[in-house]
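Subject: Structure handover

Hello,

Here is the structure I promised to pass on. Please open it first, then read my notes below.

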Amino acid sequence: MTPSRPFERSAPAPDPTADQATEDAMSNATTVSPAHSASTASTLITNIAALVTNDPSLGDNSPLGLVQDAAVVIEGDRIAWTGDQSKAPATDNRVDAGGRAVLPGFVDSHSHLVFAGDRTQEFNARMSGRPYSAGGIRTTVAATRAATDGELEANVTRYLAEALRQGTTTFETKSGYGLTVEDEARALRVAAAHTDEVTYLGAHIVAPEFAEDPAAYVALVTGEMLDACAPHARWIDVFCEQGAFDGDQARAILTAGQARGLHPRIHANQLSYGPGVRLAVELDAASADHCTHLTDDDVDALANSSTVATLLPGAEFSTRAAWPDARRLLDAGVTVALSTDCNPGSSFTSSVPFCVALAVRDMGMTPDEAVWSATAGGAAALRRTDIGRLTPGAYADLTLLDAPSHVHLAYRPGVPLVTGVWRRGERVL
């Protein structure tokens with residue numbers, strides 16, 4: 001039996017039980033028989049206590065574009081209308097949100113989901129006092145190389161279903177646990193079956209076979225491996241860090257990818273101060289990810305660029321490392337995204353709501369800023385304008401909370417508040 005693929009790129013087939021699922025999930029839900037086919041029918045979601053649109057021209061004119069007593073109209077896979085529910089147009093179907101909050105589906109712009117194996121012992125040791133270093137990746141590399149394609153596919157499907165239940169409707173994911181030509185290419189093939197936001201990360205660490213000759217590995221990553229991987233990816237990434245790749249190596253890797261049509265992103269300044277952030281800005285990378293150890297020049301460079309600073313609080317939580325200073329970045333005018341960094345070693349969480357709560361509690365963000373960064377900020381980190389917002393023309397990716405406000409994501413940490421998810425206009429939870 002083919003495993004379900006909650007994030008598969010093509011639109012899912014209409015679910016004949018969707019109306020009943022809506023009624024089961026929301027005590028006040030009402031469904032009107034459609035007048036058109038599922039592909040063209042319109043649906044009104046009404047009685048929304050607080051609607052996050054991320055359009056500052058709407059509602060309270062804040063960055064969230066918060067509309068009270070709101071409604072949303074979906075036509076096909078797109079948003080057709082948002083606004084005051086008293087002004088909502090007629091539609092084929094109607095869903096009563098029951099006084100709950102609705103926000104855009106979360107955009108998880110940094111994850112590492114194509115892997116095999118387990119690093120429980122490493123985590124347990126680290127929680128007992130051993131510091132995190134980049135070398136732990138090698139454990140996952142060995143397990144991933146030994147796994148079958150079916151095992152890798154099953155893992156990706158499992159973690160995507162887990163993320164979907166928590167409101168994530170768009171995600172980016174990377175290779176980086178194969179580090180051979182074939183293993184990196186097959187990781188990207190697995191990822192590309194689920195998302196267009198696929199990143200080639202052959203430069204995660206130097207492959208064990210090249211430990212004594214990192215220059216030869218960089219040549220492989222920028223040569224034969226890039227040739228095999230570029231057709232399956234949109235992005236290229238590099239771990240620019242002590243124990244991984246230095247600034248010169250990172251520049252060579254990213255510029256080689258650019259020459260093949262891949263756009264750069266970069267793991268930057270996670271474990272120490274370094275050249276990663278400034279290299280990201282120099283190369284117009286879509287995102288510099290982690291951004292924990294920053295100089296004033298790094299912050300200024302980000303503030304005067306189109307590069308997004310993607311913060312990954314799950315990694316700091318799971319490694320007991322210093323928290324990124326989100327307040328410093330935001331006050332400087334840097335665009336900030338929040339993401340999970342879901343991976344088996346340093347951040348084994350698929351929960352964006354958990355990361356929102358961490359960002360508010362430990363990184364100096366307000367609840368509004370954290371929610372924006374996990375939706376519109378993630379979209380900016382992927383250079384997308386068709387996701388991360390609920391405005392006409394955007395994809396109909398919505399998350400319904402069992403709460404009257406998005407603030408509850410931080411106010412009630414750890415509580416499974418997501419009670420409904422629409423992806424590309426289809427009810428999937």
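Which residues of helix α3 are buried? In this predicted model, they are I137, T140, V141 and T144, in a helix that covers residues 137-146. Why do they sit on the same side of α3? They cover an arc of only 105° around the axis, so they share one side of the helix. The general rule fits here. An α-helix has 3.6 residues a turn, so residues three or four places apart point the same way. The buried residues of α3 pack against three partners: α4 (149-165), α5 (181-192) and β9 (235-240).

Next, look at helix α13, residues 352-362. Its buried residues are V352, P353, C355, V356, A357, L358 and A359. Their cover includes the strands β5 (106-108), β6 (168-171) and β14 (336-338). It also includes the helices α11 (313-319), α14 (367-381) and α15 (408-411). Both ends of α13 have something to show. At the N-terminal end, S351 acts as the cap. A side-chain oxygen of S351 lies 3.1 Å from the backbone nitrogen of F354. After α13 comes G364, with a positive phi near 80°.

Then the cavities. How many of 30 Å³ or more does the whole structure hold? The search finds 2. I looked at the second largest cavity, which has about 60 Å³ of space. Its lining is made of D108, S111, L113, Y159, L160, A163, T168, F171, T340, C342 and S350. Two elements, α4 and β6, each give two or more residues to that lining. Helix α4 gives the most, with 3 residues. By type, the lining residues of this cavity divide into 6 nonpolar, 4 polar and 1 charged.

Last, two backbone angles. Most residues other than glycine have a negative phi. N61 has a positive phi, near 65°. Where is N61? It is in the loop between β1 (42-51) and β2 (67-75). N61 is exposed, with a relative accessible area of 53%. D69 also has a positive phi, near 50°. D69 is in strand β2 itself. D69 is partly exposed, at a relative accessible area of 46%.

To find your way around, start at α3 and its buried residues. Then go to α13 and its S351 cap. Finish with the lining of the second largest cavity, where α4 gives the most residues.

Best wishes

Conventions:
Residues are numbered from 1 along each chain as its sequence is written. This is a predicted model: local features need pLDDT of at least 70, side-chain atom pairs count only at pLDDT 80 or more; totals for chains, interfaces and linings use all residues. Side-chain values use heavy atoms; hydrogens and water are left out. Buried means under 20% relative accessible area, exposed over 50%, partly exposed in between (1.4 Å probe, protein chains only). Helices (H or I, at least four residues) and strands (E, at least two) are DSSP runs, numbered from the N terminus. The arc is that of the directions from the helix axis to the C-beta atoms. Contact means heavy atoms within 4.5 Å. A polar contact is a pair of N or O atoms within 3.5 Å; within protein, one must be able to donate a hydrogen and the other to accept it, and residues adjacent in sequence count only if both atoms are side-chain atoms. On a 1 Å grid over the protein atoms alone, a cavity is a set of points where a 1.4 Å probe fits but cannot get out, and a pocket is an open set with protein on both sides within 12 Å along at least five of seven lines; lining residues have an atom within 4 Å of a point. Grid points are joined across faces, edges and corners, and a volume is the space filled by probe spheres set on the points. Ala, Val, Leu, Ile, Met, Phe, Trp, Tyr, Cys and Pro count as nonpolar, Asp, Glu, Lys and Arg as charged, and the others, Gly among them, as polar.
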